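Me: I'm new to this structure and would like a close look at one part of it. Could you pick a helix, start there, and then walk me outwards in plain words?

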Amino acid sequence: MFSETAKKNADACRFCWMCRHVCPVANSTGNEAHTPRAKGLLTSLVERGSDYTPDMAEIMYQCCLCGACSNDCVTGFEPPVFIREARTHAVVNGYVPPSVGPLTESVLENGNIYGKPASEKMSALKDVIGNLPQRADTLLFVGDAAAFRSPETALAVMGLLKKAGANYTVLPDEPSSGAEIADLLGYTEDVRQRAFGTAKALSDTGASVIVTLDPKDAEIFMQHYPKWGAAFSERVETATSCIAALVRSGKLKIRPVQNRKNVTYQDPCRLARDLNEEAPARELIRATGMNLQEMFLHGKLTKCCGGEILREYSPQTASLIAQDRLFDAKRTGASAMVTSCPGCTTSFRKCGDRSGELEVLDLFCLLDECS
Amino acid sequence: MDGRGFMFEMVLSELEDVVGRENVSISDGERLVYGVDYFWVGRMWVDKGRLPPKPDYIVRPASAQEVSRLLKIANYYKIPVQTWGGGSGSQGSALPTAGGIVLDTKRMNKLIGIDEYSRIITVETGMVFQRMEWYANERGYSVMHIPSCLTCGTVGGALAHRGIGIMSTKYGKIDDQCMSMEVVLPNGDIINTLPVPKHSAGPDLNQIFIGSEGTLGVMTKASFQLFDLPECRKFRAFLFRDMTSGFAAGRDIMGKIKPSILRLYDESETRSIIKKVVGVEQKGAFMNLAVEGIEKIVDIEMEVIRDICRKYGAEEMGSDYGEKWYKNRITFFYPGYTLDNPQMFGTMDTVASYEKVELIYWAMKHAIEDNFEGVRFIAHSSHWYGWGTMIYDRFIMDSPPEDPEEAIRLHNRIWNAGVRAAMANGGVINDHHGIGLKLSRLMKEQYGPAMQVFEGIKKSLDPNGIMNPYKLGL
């Protein structure tokens, strides 16, 4: 049932307890079945003749795919490999949990997980996009999460690019990268086929650089599209890295804020762990004059925000995860947490602190105000 | 509670009423997960495609008050309760061998507070131990309980089996480090031990519950002493001609200095270690140690240690190995490095006085190697005291029987032989992994008539015998 790679990973993880301390879901629900080793054990039992059941499928969806377990593994095993495949089998066998069902139905109908027609994706941005050239050197890829959940972040990045005099455009009918779909369904043939369509649409713009607002999109473009043969010749750059370069070159001027605060920074999981990028966001925070107070676990050791997708089908768990991270942030003494990922921003604002003790600041919105 | 008659549903709704529907599981998938802990038998069993023992209900309380209500329900219906922390114990102590309820403690995972002035941290016991250590590290302290399962087990799990960390020689075992506890008794009463552990107010309540492996109640909060993070930690390795001179040097060192790490390997383990360090096979007994604290004191202590080791004819092997070992100390427990199926293996750690420890080492080695074909025996001593040390002795069988029932019987015969050899020569049934299901049958042999003290406590606190049946010989 599972691929050789998934079997190898599951057999390694089934009797290994070493990474549970970094699993955001298991640490929040306290449920042993939500640990990476439990998912490995169940996968290995299925490979040894047990039936794959709907309740096993439900367990496989209790994961943010944040990669903390893989990052922690000193021998290089990766639970997300068999978890993604288990999700594919859940879809194939009709075992998708009821709470996840609306998301998978939306994917099939709309190509996104948000239950909205693809035609509505860029509706909050259409006025600005309408004033952009059709072809430009740089293509800003907004991504599903920002377009549907935090368009203000996209508008801020567009504002920054404009102020820097960048020659850029945004696709008015931007397709999905497939990142969210791949998390929900696994790396299925459908996801790969969508990648070819997306790669062609991006190449057809003639841009030489694709700037991605969402680290999830950057990760799938950089690390998966090439493996599938859906590569494009354009250079992919994260928005944090692009804006930091514009500030460094002097093309974008940042004025230090008047009300200087102690802030902390939430490293997005895929930006820090998968793309190895930690410095640009910190450089930008310092440019605003804010005093950066690091959380004890930061960089590659960052903790998940609850996750864009988990939040859609398991809001209570996502909320517990976000609150755990906000507790980390508060212990730094900071009065605000800066985020640089649309998923993180939405998670912390929706599920997080309601006491008003800790403000959640979107990095790009903050920079837009300071430029 | 087998089957799904209406009584099953009646109890289920009572449990859900306490912790909420989302914190009770009866699904097959989740029940399977709780049937496998780190115990070799359970792992081998599922590796052969057999199904593990399963609980009827899994409950996840968030507070001592919820634990109290759950235990009252369990007592009324006389349903077994097995407390589960991380499930990373090697003795099968957490396994739901009697069915009934598994009480997973991991929702009780809050930091209660850090009293920096007194150097005390208080947490709920369902917290994974590493997370408590991080809270301490964040403020420049450490609990200094650093076992290989630091990231795997919970605070309650470490207390329940009387655990130990690699720094124990300087900082003590968990039973030395714990200050006080909140415990829910089987009848649902919530009690607290005294605020500090040193007093003259009768026997130490902490020590009744530490090591009780879930048979006497559920520990829900615990406070620990904090230590300042050391200014420096310095390593040094030595090669002795044999175990005898290694034990003698270790004993001498412990009379004068407390290293944080002191590890002496037998000749079998030494051969492979030396090969890794210097690339050639060398005979002898390898010792790796660390001293830590204030640098100028550490330097003097290390000089004293070097003098002692020279006195016993040791060859100095520098500090590289120790530093590398410390950096990679948990790598040995990851897949690909650790012992795993299809091998049969076990760690039969014992502890004894200096007078007896070497005799015990040889007795155990012979009991295993002379009686069981194809079984290897390796050992090291890694936790030292002023009066003696422990032996972390392991047996390894590369090709155990294919048949799982036959494998279990052989596994138990090997364990009986090794542990009985230790006990017959003045050693103790276990040093720091606990008893659990694995050694339960040998507890009466170890304690003799003294076992009635434990049995009396058990009968008094848990008259219905619901708490973790078949474990700890109770």
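**A helix and its surroundings**

Reply: Let's start at a small landmark: Gly250(A), just after helix 14 of chain A, takes a positive phi of about 85°. Keep in mind that this is a predicted model.

Step back from that glycine into helix 14 of chain A, which covers residues 239-248. Of its 10 residues, 7 are buried, so the helix is largely enclosed by the rest of the structure. If you want to find them, the buried ones are Ala239(A), Thr240(A), Ser241(A), Cys242(A), Ile243(A), Ala244(A) and Leu246(A). What do they pack against? Their partners in chain A are three helices, namely helix 10 (151-163), helix 16 (279-287) and helix 20 (363-369), plus strand 3 (209-212) and strand 4 (235-238).

Now hop across to the other chain. Where chain A and chain B touch, chain A puts in 29 residues and chain B puts in 38. On the chain B side, at least two residues apiece come from helix 2 (28-33), helix 3 (40-47) and helix 5 (129-138). Helix 2 of chain B gives the most, with 5 residues. Sorted by class, that side of chain B has 16 nonpolar, 12 polar and 10 charged residues.

Chain B itself splits into domain 1 (6-106), domain 2 (111-228), domain 3 (232-333) and domain 4 (344-438). Take domains 3 and 4 of chain B: their C-alpha centres lie 23 Å apart, and 14 residues of domain 3 are in contact with 13 residues of domain 4. On the domain 3 side, helix 10 (243-254), strand 13 (261-265) and helix 11 (267-278) of chain B each give two or more residues. The largest share, 6 residues, comes from helix 10 of chain B. By class, this side of domain 3 has 6 nonpolar, 4 polar and 4 charged residues.

Helix 10 of chain B has another partner worth a look. It packs with helix 12 of chain B (residues 295-311) at an angle of about 150°, their axes 9 Å apart. The two helices are therefore roughly antiparallel to each other, and helix 10 of chain B passes helix 12 of chain B in a right-handed crossing. Helix 10 of chain B makes this contact through Ala249(B), Asp252(B) and Ile253(B), while helix 12 of chain B uses Ile305(B), Ile308(B) and Cys309(B). By class, the residues of this contact are 5 nonpolar, no polar and 1 charged. As for the spacing, an α-helix has 3.6 residues a turn, so residues three or four places apart point the same way.

Key: Residues numbered from 1 in each chain as written. Chains lettered and ligands numbered in written order. Predicted model: local features only at pLDDT ≥ 70, side-chain atom pairs only at ≥ 80, totals over all residues. Domains from an automatic or database assignment. Contact = placed C-beta atoms within 7 Å. Helix = DSSP H or I, 4+ residues; strand = E, 2+ residues; numbered from the N terminus. Nonpolar A, V, L, I, M, F, W, Y, C, P; charged D, E, K, R; others polar. Buried ≥ 20, exposed ≤ 12 C-beta atoms within 10 Å, placed from the backbone. Axes fitted to C-alpha atoms, helices over the stretch in contact; angles between N-to-C directions. Parallel < 35°, antiparallel > 145°, perpendicular 65-115°, else oblique. Left-handed = near helix turned anticlockwise from the far one by under 90°.
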